[in-house]
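Please find below a short note on the model under review. The sequence and coordinates come first.

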Amino acid sequence: MNKFGARNYISFLISHLKLYKEPQVIRSNRLRWLGHIWRSPENNQTRAYTFKNPMGSRTRGRPPTRWI
């Protein structure tokens, strides 16, 4: 690659070119998506399921092996 090696080159790019690490990008994308959902109407299904407080408890044991 170069005299610095691949790992140092990547850290150089991140620090000097202001490239972001993956967790930061994922977090910012999730927050941006959450902002869209937050501004959606109250009757939107995506908003209802995102902010839903589930009642009851999960079943015990292994989940079923089929989708149907």
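The points below go from the whole chain to single contacts.

1. Status and fold. The model is predicted, not experimental. The chain has three helices and zero strands, and its elements run α-α-α from the N terminus on.

2. Surface. The accessible surface of the chain is about 7,500 Å². Carbon and sulfur atoms account for 57% of that area. Of the 68 residues, 7% count as buried. Two of the residues discussed below, Ser40 and Arg47, are counted as buried.

3. Ser40. This residue sits in the loop between α2 (22-38) and α3 (45-50). Is Ser40 buried or exposed? Its relative accessibility is 12%, so Ser40 is classed as buried, the cut-off for that class being under 20%. The side chain of Ser40 reaches the backbone oxygen of Ile37, at a distance of 2.5 Å.

4. Salt bridge. How many salt bridges does the structure hold? There is one, and it joins Arg47 to Glu42. The closest N and O atoms of Arg47 and Glu42 are 3.2 Å apart, against a limit of 4 Å for a salt bridge.

5. Exposure of the salt-bridge partners. Arg47 has a relative accessibility of 16% and therefore counts as buried. Glu42, at 64%, counts as exposed. The bridge thus pairs a buried Arg47 with an exposed Glu42.

6. Aromatic pair. The structure holds one aromatic pair. The ring centres of Trp38 and Phe51 are 5.3 Å apart and the ring planes stand at 80°, which means that the pair is edge-to-face. The angle that decides this class is one over 60 degrees.

7. Place of the pair in the chain. What does the aromatic pair tie together? Trp38 belongs to helix α2 and Phe51 to the segment after α3, so the contact links parts that are 13 residues apart in sequence.

8. Exposure of the aromatic residues. Trp38 has a relative accessibility of 55% and so counts as exposed, whereas Phe51 is partly exposed, with a relative accessible area of 38%. For Trp38, the cut-off that applies is over 50%.

9. Summary of contacts. Three contacts have been described: Ser40 to the backbone oxygen of Ile37, Arg47 to Glu42, and the ring of Trp38 to the ring of Phe51. The distances quoted for them are 2.5 Å, 3.2 Å and, between ring centres, 5.3 Å. These values come from a predicted model.

Methods. Residues numbered from 1 in each chain as written. Predicted model: local features only at pLDDT ≥ 70, side-chain atom pairs only at ≥ 80, totals over all residues. Heavy atoms only, no water. Helix = DSSP H or I, 4+ residues; strand = E, 2+ residues; numbered from the N terminus. Buried < 20%, exposed > 50% of the residue type's maximum accessible area, 1.4 Å probe, protein only. Polar contact = N/O pair within 3.5 Å; in protein donor to acceptor, adjacent residues only side chain to side chain. Salt bridge = Lys/Arg side-chain N within 4 Å of Asp/Glu carboxyl O. Phe/Tyr/Trp six-rings, centres within 6.5 Å; stacked < 30°, edge-to-face > 60°. Areas by Shrake-Rupley, 256 points an atom, 1.4 Å probe, with all protein chains shown as cover.
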